[in-house]
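Colleague: Before I rely on a model at the bench, I would like to learn how to read its features one by one. Could you give me the general idea each time, and then the case in hand?

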Amino acid sequence: GELSYKLTDRWTVTAGGRWFQYNREVTENYEHPRGIPVGLGQSYGGYNGPTSGSDSSTLYKLGTQYRYNSDSMVYLLFSEGYRLGGYNSVRAANSGAVPYKYQPDKLYNYEAGIKSQWLDRRITLNASLFWMQWKDIQLESTTSTPWQRGTINGGRAENKGIELSSSVRATRQLTLDFDLIAADPKLTQDVVYPNGEFIPAGTPMVGAPKFKAATGVQYDFAWKPARGDLWARFDYSYQSSVYQDLYYASAAYQNQCCGANLAPGVGRLEPWSYGKLQLGLSLPNKLDITLTLDNVWDSKGANWMETFEGDYADAFGDPRFHQLQAQFRPQNIGLTIRKKF
């Protein structure tokens, strides 16, 4: 439930809460194909049957907003997030590599911001400062053989920064917009895996760039061929480097702070930029024609990297599969014709 109350015509406070309980049942079955040397005895494998458990939690939300004119407001917000816990494989837990049960993790979000429009709503500007604290963070443990993998709880992390978005109607024909986020996602507590491996506090979080931005420019031409609306748009986006694996992020961090003899950069997606150019014509008979030049600079950036399976590449005699990336589609030109009925 959630309740909002207007203290004055301009000032509103909000409070909310959520309670839930969940029940979980998991059934495991193991088959050992002939000829595959699993190398584990009955005490580790061979389990067949269900396991079950339940948990509950209560989450809260508190906020206030002040509308200082008809087009603008400032706000403060506290909210909580929650992710279910669960169970690892009995076979993996019996090996001691991971616990049988891992706990829920919880997120505490503190936010202050402004949402506003200016100059007869020709300019929109939204901004927020945020500070997120992550408790009992769930992490995948890949420090052992594949059948001993699972999830553990790894302490605390945080992310704090600023987020901006704006749109400007510069003229009747020219529109500009942009989005930006600058943050500092990192562990704030050491992570110690069951086998003793250690990830120090301060290590960057995985999959979370420190800077990301996008901007676009659109121009609507006064010329109207075939009585249609002719327009052109250019979009540009940029993202700073991001780590794909916590171990590689830790290696780079320790090189910077603690003199560890580990090579930085491995397991990291490098910074990338991306451009897209469009020319479109919207005709009065609900026919839209768009010519697109995608990946203007033929960027070799990537949004994903394989950091584990490639470790087996040498064993199979093909080292090309180390650090395999899912790169952007190469530069391409496309024509889209869309008819609405």
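**Reading the features**

Colleague: Let us begin with accessibility: is E2 buried or exposed?

Modeller: E2 is exposed, since its relative accessible area is 53% and the cut-off for that word is over 50%. Please keep in mind that this is a predicted model.

Colleague: Which side chain does E2 meet in a salt bridge?

Modeller: The general idea is that side chains of opposite charge can pair when their charged atoms come close. Here the side chain of E2 forms a salt bridge with that of K61, at 3.3 Å from N to O. The pair links distant parts of the chain, with E2 in strand 1 (residues 2–6) and K61 in strand 3 (residues 49–69), 59 residues apart. K61 is partly exposed, at a relative accessible area of 30%.

Colleague: How many salt bridges does the structure hold?

Modeller: There are eleven salt bridges in the structure, including one between the side chains of D177 and R233, at 3.2 Å from N to O. Because D177 belongs to strand 12 (residues 174–183) and R233 to strand 17 (residues 229–239), this pair ties together parts that are 56 residues apart in sequence. R233 counts as buried, because its relative accessible area of 16% falls under the 20% cut-off.

Modeller: Among the others is the salt bridge of D298 with K300, at 3.5 Å from N to O, where D298 is partly exposed at 29% relative accessibility and K300 is exposed at 53%. Salt bridges can also share partners, and in this way D177, R233 and D235 are joined into one network.

Colleague: What does a search of the whole structure find in the way of cavities?

Modeller: In general, rolling a probe the size of a water molecule over the atoms shows where empty space is left. In this model the search finds one cavity of 30 Å³ or more, and the largest cavity has a volume of about 50 Å³.

Colleague: Which residues line the largest cavity?

Modeller: The lining consists of Y22, R24, G53, S54, D55, G85, G86, Y87, K101 and Y102. By class, these are three nonpolar, four polar and three charged residues. Strand 3 gives the largest share of the lining, three residues, while strand 2 (11–28), strand 5 (86–87) and strand 6 (101–102) are among the strands that each supply at least two.

Colleague: Turning to the surface, which residues make the nonpolar patch?

Modeller: The patch, of about 850 Å², is made by Y219, F221, W223, L279, L291, I333, L335 and I337. Its largest share, three residues, comes from strand 24 (residues 332–339). Another member, L291, lies in strand 21 (residues 287–294) and is partly exposed, at 40% relative accessibility.

Colleague: Finally, what is the value of phi at A226?

Modeller: As a general guide, most residues other than glycine have a negative phi. A226 has a positive phi, near 55 degrees, and is found in the loop between strand 16 (211–220) and strand 17, where A226 counts as exposed at 61% relative accessibility. K286, in the loop between strand 20 (272–283) and strand 21, also has a positive phi, near 65 degrees.

Methods. Residues numbered from 1 in each chain as written. Predicted model: local features only at pLDDT ≥ 70, side-chain atom pairs only at ≥ 80, totals over all residues. Heavy atoms only, no water. Salt bridge = Lys/Arg side-chain N within 4 Å of Asp/Glu carboxyl O. Helix = DSSP H or I, 4+ residues; strand = E, 2+ residues; numbered from the N terminus. Buried < 20%, exposed > 50% of the residue type's maximum accessible area, 1.4 Å probe, protein only. 1 Å grid on protein atoms, 1.4 Å probe; cavity = no way out; pocket = protein on both sides within 12 Å on 5 of 7 lines; lining within 4 Å. Points joined across faces, edges and corners; volume = space filled by probe spheres on them. Nonpolar A, V, L, I, M, F, W, Y, C, P; charged D, E, K, R; others polar. Patch = residues over 30% accessible without salt bridge, like charges linked within 9 Å, V, L, I, M, F, W, Y side chains within 5 Å. Areas by Shrake-Rupley, 256 points an atom, 1.4 Å probe, with all protein chains shown as cover.
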